[in-house]
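User: Please take a close look at the largest cavity of this model and at the aromatic residues around it, and set that part in the context of the whole fold.

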Amino acid sequence: MRTVKRLFTYLTPYWKTLVVSSLLLLGRAGAELVPPLFQRQIVDEVVSASNLSKLGMLVGLLVAVYAFQQLVNAADMFIRHALGERFILDLRVRIYEYLQKLSLSFFERTSTGELMSRVTNDVNVLESFVTHGSALTIVDLLRLVGGAIILFVLDVRLALLVLLPVPILAISLRYFNTRIRPVYRRVRARLGDINAQLQDSLSGIRVIQAFVQEEQALARFTVESESYYNARVQGIRYWATFFPAMRFVAAMGTVIVLGAGSIMAVDGSLSLGTLVAFLSYTVSFYQPINRLTEVDNVFQEAIAAGERIFELLDTT
């Protein structure tokens with residue numbers, strides 16, 4: 001957690017851009033909550049009532065809302081990704097400037113390839129943290145709260161059913177974090193080892209060729225590469241299992257709502273339009289949860305990379 005807080009402190013110089021991006025995301029999130037209300041009106045006041053007089057207006061409003069969503073989305077994507085590139089540029093220059101101040105003994109005991117890995121690969125990982133981890137996390141939490149409020153306003157009984165999978169998702173996410181974080185640390189370390197081995201081999205290629213050591217150098221590089229591969233595959237195995245499982249649990253929540261809502265619609269305690277709108281909001285409710293679990297994966301990678309970068313910046 002300390003690493004995450006420190007990463008956020010490095011974003012403070014860009015707070016104005018982050019505010020603009022957050023406002024755009026909030027606008028998009030708010031616009032995404034509107035269409036199901038129009039769908040509800042179309043079903044109840046047009047289809048069920050066999051009255052087409054309002055159809056043109058409602059469809060026109062839906063088109064306007066969707067157009068607004070995509071305009072805001074385009075502006076936000078450009079701003080966030082441009083910010084991410086700016087953050088990476090400034091951080092990389094900052095690290096290089098700091099490296100120039102370190103003692104010669106530090107460079108004697110630290111591989112050049114390892115340092116290159118931290119300045120390039122580890123820094124690049126933080127770009128996803130900036131573009132997908134900072135503003136999106138806050139906005140998805142707000143979308144989650146806003147969606148929950150609308151669900152309870154539409155129907156309390158169905159809203160309680162929507163919340164059933166949430167504890168399972170929360171417990172599973174905590175378990176996933178404890179398993180994946182050390183894996184990502186090993187991935188970053190193994191990638192540094194590869195760069196170190198590559199730099200050592202290429203810088204000493206004349207000696208390797210002079211003493212016919214090509215096979216031994218290849219064997220060492222293969223060992224390092226396989227260690228990195230094994231670490232990566234272990235991480236892939238975790239998230240390739242975890243994310244589909246989480247989506248399945250969320251889908252079961254939608255199935256429960258569909259079943260219970262259908263019974264309520266048939267017995268007349270719930271209008272068909274409200275059921276349609278409720279199903280749309282249920283999907284919208286689970287989307288931020290699924291995205292937050294994926295963003296959490298970005299955070300875990302960023303923590304592993306951030307620890308290696310801060311270890312370098314904390315060197316006396």
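Analyst: The protein, which is given here as a predicted model, has eleven helices and zero strands, and its pattern along the sequence accordingly reads α-α-α-α-α-α-α-α-α-α-α. Its radius of gyration is 26 Å, well over the 20 Å that the globule rule gives for 316 residues, so the protein is more spread out than a compact globule. Taken along the principal axes, the box filled by the C-alpha atoms comes to roughly 90 × 40 × 35 Å, and 42% of the 316 residues count as buried.

Within this helical framework, the structure holds one cavity of 30 Å³ or more, and the space in this largest cavity is about 30 Å³. Its lining is made up of L7, Y10, F87, L91, L126, I309 and F310. Sorted by class, these are seven nonpolar residues, with no polar and no charged residue in the lining. Two helices, namely helix 4 (55-99) and helix 11 (272-313), each supply at least two of the lining residues.

Two of the lining residues, F87 and F310, also take part in contacts of their own, and these deserve a closer reading. The structure holds seven aromatic pairs, and one of them involves F87: the ring centres of Y14 and F87 lie 6.0 Å apart with the planes at 75 degrees, and because an angle over 60 degrees counts as edge-to-face, the pair is placed in that class. Y14 belongs to the loop between helix 1 (2-9) and helix 2 (15-32), whereas F87 belongs to helix 4, so the pair ties together parts that are 73 residues apart in sequence. Both partners are buried under the cut-off of 20% relative accessible area, since Y14 has a relative accessibility of 13% and F87 has a relative accessible area of 2%.

The other residue, F310, carries a contact of another kind: the charged end of R6 sits over the ring of F310, at 4.2 Å from its centre. R6 is not among the residues that line the largest cavity, while F310 is.

A further aromatic group can be set beside the Y14 and F87 pair. The rings of F242 and F243 have their centres 5.4 Å apart and their planes at 65 degrees, so this pair, too, is edge-to-face. F242 counts as buried at 8% relative accessibility, and F243 likewise counts as buried at 8%. Together with F176, these two residues form one aromatic cluster.

Finally, two loop residues call for attention on account of their backbone. S50, found in the loop between helix 3 (35-47) and helix 4, has a phi near 50 degrees, which is a positive value in a residue other than glycine, and its relative accessibility of 67% makes it exposed. V212, which lies in the loop between helix 9 (205-210) and helix 10 (214-266), also has a positive phi near 50 degrees although it is not a glycine, and at 59% relative accessibility V212 counts as exposed. These two exposed positions may be read against F87, which is buried and has a place in the lining of the largest cavity.

Technical notes
Residues numbered from 1 in each chain as written. Predicted model: local features only at pLDDT ≥ 70, side-chain atom pairs only at ≥ 80, totals over all residues. Heavy atoms only, no water. 1 Å grid on protein atoms, 1.4 Å probe; cavity = no way out; pocket = protein on both sides within 12 Å on 5 of 7 lines; lining within 4 Å. Points joined across faces, edges and corners; volume = space filled by probe spheres on them. Helix = DSSP H or I, 4+ residues; strand = E, 2+ residues; numbered from the N terminus. Nonpolar A, V, L, I, M, F, W, Y, C, P; charged D, E, K, R; others polar. Phe/Tyr/Trp six-rings, centres within 6.5 Å; stacked < 30°, edge-to-face > 60°. Buried < 20%, exposed > 50% of the residue type's maximum accessible area, 1.4 Å probe, protein only. Lys NZ or Arg CZ within 6 Å of the ring centre and 35° of its normal. Rg over C-alpha atoms; globule rule 2.2 N^0.38 Å.
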